[in-house]
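The exercises below are meant to be worked with the sequence and the coordinates open side by side. Each task is followed by a solution that goes step by step.

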Amino acid sequence: SEEFTKSEWLEIWNYAYSLSIDISASVFCRKGARLLKELGTSYVKISSSDLTNIPLIKYVCTLFDEVIISTGMSSFDEILFTVNYIKSNFNVKLKLMHCVSRYPCPLTSSKLNRIKMLINVFPDIEVGYSDHTGCNISSMLAWSLGERLYEKHILEQDKIKELIAAVPDQSGKIQRNYKKKESERRDLIYKVDRNSDEVEETVKEHYGETREFYVNTANLLNVD
């Protein structure tokens with residue numbers, strides 16, 4: 001919250017509202033949480049590094065009706081403790097984000113099967129995916145596993161030094177994929193680009209050798 005002045009943040013928020021964007025941010029301290037509240041944000045995100053920061057979590061749960069928490073670097077016991085603490089003490093809408101805290105994160109290290117684990121263990125909590133890979137493929141794989149909330153860093157192309165974010169054109173393709181009707185996405189069959197060992201290895205890890213679920217990187221990245 002110290003990077004910009006309050007008036008600068010307000011300018012950003014007002015511009016987002018003019019475009020009907022429901023804007024929010026991650027907070028790392030009480031000052032940041034108070035600023036978001038003053039800006040009129042209805043929800044807040046807690047980063048992976050603060051999943052066990054109970055004082056901060058307690059504070060944001062008193063200010064906001066919806067709290068999103070990333071789970072990168074966290075053990076199952078840590079996630080369970082934090083979820084139980086929030087559900088036992090606050091009436092907030094809690095959402096969890098699967099995340100691998102690598103920048104960039106190779107597709108084969110994305111651990112997307114943890115999305116299924118979180119959904120099975122916490123069936124009453126919406127599970128999302130904070131994607132640090134350098135491609136669009138993981139977003140659709142995550143959706144097929146039950147993810148319904150997606151986060152991706154977006155930067156101007158000439159400012160990307162490592163593949164940790166999407167450029168505006170790439171993010172538009174991700175959005176179009178997500179806007180397709182659920183029935184259309186479910187019926188899509190992608191065939192593996194056999195030259196992409198990384199994609200094939202990832203699909204096999206999450207779906208097994210025999211399941212007929214394949215990904216064509218070229219087709220997926222060019223869906224209109």
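**Exercise 1.** Does Leu 107 count as buried or exposed, and what is its relative accessibility?

Solution. Begin by placing the residue: Leu 107 is found in the loop between β4 (93-99) and α5 (113-121). The relative accessibility of Leu 107 is 3%, and because the cut-off for buried is under 20%, Leu 107 counts as buried. As a last step, take the C-alpha distance to Asn 136, which is 9.9 Å although Leu 107 and Asn 136 are 29 residues apart in sequence.

**Exercise 2.** Establish how much confidence the model deserves, residue range by residue range, before reading further detail from it.

Solution. The model is predicted, and the mean pLDDT of the protein is 78, with 68% of the residues reaching 70 or more. Next look for the weak stretches: over residues 185-195 the pLDDT stays under 50, and the model has 25 contacts beyond four places in sequence for these residues. Residues 207-224 likewise have a pLDDT below 50, and this stretch has 45 contacts in the model beyond near neighbours in sequence.

**Exercise 3.** Summarise the overall architecture in terms of secondary structure, burial and contact range.

Solution. A count of elements gives ten helices and six strands. Of the 224 residues, 46% count as buried. For contact range, take the contacts between residues at least 6 apart in sequence, of which 59% join residues at least 24 apart.

**Exercise 4.** Describe how α1, α2, α3 and α4 pack in successive pairs, giving angle, axis distance, handedness and contact residues.

Solution. Step one concerns α1 (residues 6-18) and α2 (residues 30-39), which pack at about 45° with their axes 10 Å apart; these two helices are therefore oblique to each other, and their crossing is right-handed. On the α1 side the contact is made by Lys 6, Trp 9, Leu 10, Trp 13 and Tyr 17, and on the α2 side by Leu 35, Leu 36, Glu 38 and Leu 39.

Step two turns to α2 and α3, whose axes are 10 Å apart at an angle of about 15°, which makes α2 roughly parallel to α3. The crossing of α2 past α3 is right-handed. Here α2 contributes Arg 30, Ala 33, Arg 34 and Lys 37 to the contact, while α3 contributes Pro 55, Leu 56, Tyr 59, Val 60 and Leu 63.

Step three takes α3 and α4, with an angle of about 35° and axes 11 Å apart, and α3 passes α4 in a right-handed crossing. The residues that make this contact are Ile 54, Ile 57, Lys 58 and Cys 61 of α3, together with Phe 81, Thr 82, Tyr 85 and Ile 86 of α4. When reading such lists, recall that an α-helix has 3.6 residues a turn, so residues three or four places apart point the same way.

**Exercise 5.** Characterise the surroundings of Ser 47 and Thr 71, two loop residues.

Solution. Ser 47 lies between β2 (43-46) and α3 (54-63), and at 9% relative accessibility Ser 47 counts as buried. The side chain of Ser 47 makes a polar contact of 2.9 Å with the side chain of Ser 49; leaving aside neighbours within four places in sequence, Ser 47 is in contact with Phe 28 and Ser 70.

Thr 71 lies between β3 (66-70) and α4 (76-89), and is buried, with a relative accessible area of 1%. Its side chain reaches the backbone oxygen of Met 97 at 2.8 Å. Not counting residues up to four places away in sequence, Thr 71 touches several residues, among them Ser 48, Leu 51, Ile 79, His 98 and Leu 118.

**Exercise 6.** Which backbone features deserve a check of the dihedral angles?

Solution. Start with omega, which is about 0° at the cis peptide bond joining Tyr 103 and Pro 104; Pro 104 lies in the loop between β4 and α5. Then turn to phi: Lys 111, found in the loop between β4 and α5, has a positive phi of about 50° although it is not a glycine, and at 43% relative accessibility Lys 111 counts as partly exposed. Ser 20, in the loop between α1 and β1 (26-27), has a positive phi of about 60° and is exposed, with a relative accessible area of 69%.

How values were computed. Residues are numbered from 1 along each chain as its sequence is written. This is a predicted model: local features need pLDDT of at least 70, side-chain atom pairs count only at pLDDT 80 or more; totals for chains, interfaces and linings use all residues. Side-chain values use heavy atoms; hydrogens and water are left out. Helices (H or I, at least four residues) and strands (E, at least two) are DSSP runs, numbered from the N terminus. Buried means under 20% relative accessible area, exposed over 50%, partly exposed in between (1.4 Å probe, protein chains only). A polar contact is a pair of N or O atoms within 3.5 Å; within protein, one must be able to donate a hydrogen and the other to accept it, and residues adjacent in sequence count only if both atoms are side-chain atoms. Contact means heavy atoms within 4.5 Å. pLDDT is the predictor's confidence in each residue, from 0 to 100. Axes are lines fitted to C-alpha atoms, for helices over the stretch in contact, and angles run from 0 to 180 degrees between N-to-C directions. Angles under 35 degrees count as roughly parallel, over 145 as roughly antiparallel, 65 to 115 as roughly perpendicular and the rest as oblique. A crossing is left-handed if the near helix is turned anticlockwise from the far one by less than a right angle, and right-handed if clockwise.
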